[in-house]
Amino acid sequence: MLERTDERLEIDLLVLPETNLILVASVIEPLRAANRISGQPLYGWRVFSPDGLPIETKGGIPIPVAGAFRVERETRPLFILSSYNWQRSATAQLRMQLSQTARHRSLMAGIESGSWLLAESSLLDGHRVTVHWEDRTEFETTYPQIAVGGDRFVIDGKRITTGGSLPTLDLMLEIIRRRQGYSLALEVSRLFIYEQEPVDRLLQVAPLGTMRIKDARVAEAIRLMEASVEAPLTLVRLARKVGVSARHLQDLFQATMGVAPHAHYMALRLNAARRRVIETREAFADIAAFAGFNSAAAFSRSYRAHYRESPTETRRRTGTSKPT
């Protein structure tokens, strides 16, 4: 599931009653955005409830479902989402169903309080996990056989756990980054004007958006990058403008964003170019100049390296008219 690929990934979601609407959106919306931005059906999902009835979210807005959760020889990843009063749904029947389906599933994820249901079904024993910070002490006391950390999300083999709604967004961006690369994950994060947590708070390297970055020097460097897509600045000039050495800016950028400055800069430029490839009829030479490339050939090489198809193939696949 987490290897680099453009194959479609189908995910099953088991959503328990009294789940926050934002938690469900934190799983689905990044995947929907990845499909829209890429112009490809990279992700699909089915939503189930324990009884087959629409899910009454904590905010009172019902979510339609495909049906009741049933044990099948299904290999799709299964995400269990829960916010409040998970115990009401943790019947012996559901715990047995989870234990049985775990034999076939490629991966199982406990999203926020969904981790409790996995733990109650003995599916997290021996794994490293995370839970919502308010629940950590009680969780550690209840399940001493499970190693609990303070990370926002944890990927440990065939088990994933998250500590809340925004950490779940972190997770989904990380899944997109691992499967499709930094450029697409960055574009999805920017769509949500997403604020990054420093990497030393995560343990995982997640792709991040560009608004309100907590290190002011990195934030200013990113602002300058965005303002100079057509004429990219060298690392030395960029560092000088934010008042640090080039080496120090590299270190700051790696610690905050999880990638080197040039990787983020290239992703910004190519994402901006890709939008023009898809949404306009401009000639590729003009798009190359807009994105700061010396030639259409250089642009095409970088584009193919990032997106694994040429600009022409993107236009053909998305149905964009050829430039006049």
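In the predicted model, Arg-274 is placed over the face of Tyr-307, 4.8 Å from the ring centre. A second arginine, Arg-269, lies over the face of Phe-293, at 4.4 Å from the ring centre.

Aromatic rings also associate with one another, and the structure holds seven aromatic pairs. In one of these, the ring centres of Phe-293 and Phe-299 are 5.5 Å apart and the planes meet at 55 degrees, so the pair is classed as tilted. Both Phe-293 and Phe-299 are buried. Elsewhere, Trp-86, Trp-116, Phe-139 and Tyr-143 are joined into a cluster by ring pairs.

Phe-299 and Tyr-307 are among the buried residues of helix H12, together with Ala-298, Ser-302 and Tyr-303. Viewed down the axis of H12, these buried residues fall within an arc of 140 degrees, and they therefore line one face of the helix. In general, an α-helix has 3.6 residues a turn, so residues three or four places apart point the same way. The buried residues of H12 pack against four elements: helix H6 (182-191), helix H10 (261-279), helix H11 (284-290) and helix H13 (311-318). Arg-301 and Ala-305, on the other side of H12, are exposed.

The length of H12 was also examined. Helix H12 comprises 12 residues (296-307), and at 1.5 Å a residue it should span 16 Å; the end C-alpha atoms are 16 Å apart, so the expected and computed spans agree. Just after H12, Arg-308 adopts a positive phi of about 60 degrees.

How values were computed: Residues are numbered from 1 along each chain as its sequence is written. This is a predicted model: local features need pLDDT of at least 70, side-chain atom pairs count only at pLDDT 80 or more; totals for chains, interfaces and linings use all residues. Side-chain values use heavy atoms; hydrogens and water are left out. Rings of Phe, Tyr and Trp (its six-membered ring) pair if their centres lie within 6.5 Å; planes under 30 degrees apart count as stacked, over 60 as edge-to-face and the rest as tilted. Buried means under 20% relative accessible area, exposed over 50%, partly exposed in between (1.4 Å probe, protein chains only). A charge sits over a ring if NZ of Lys or CZ of Arg is within 6 Å of the ring centre and within 35 degrees of the ring normal. Helices (H or I, at least four residues) and strands (E, at least two) are DSSP runs, numbered from the N terminus. The expected span of a helix is 1.5 Å times one less than its number of residues. The arc is that of the directions from the helix axis to the C-beta atoms. Contact means heavy atoms within 4.5 Å.
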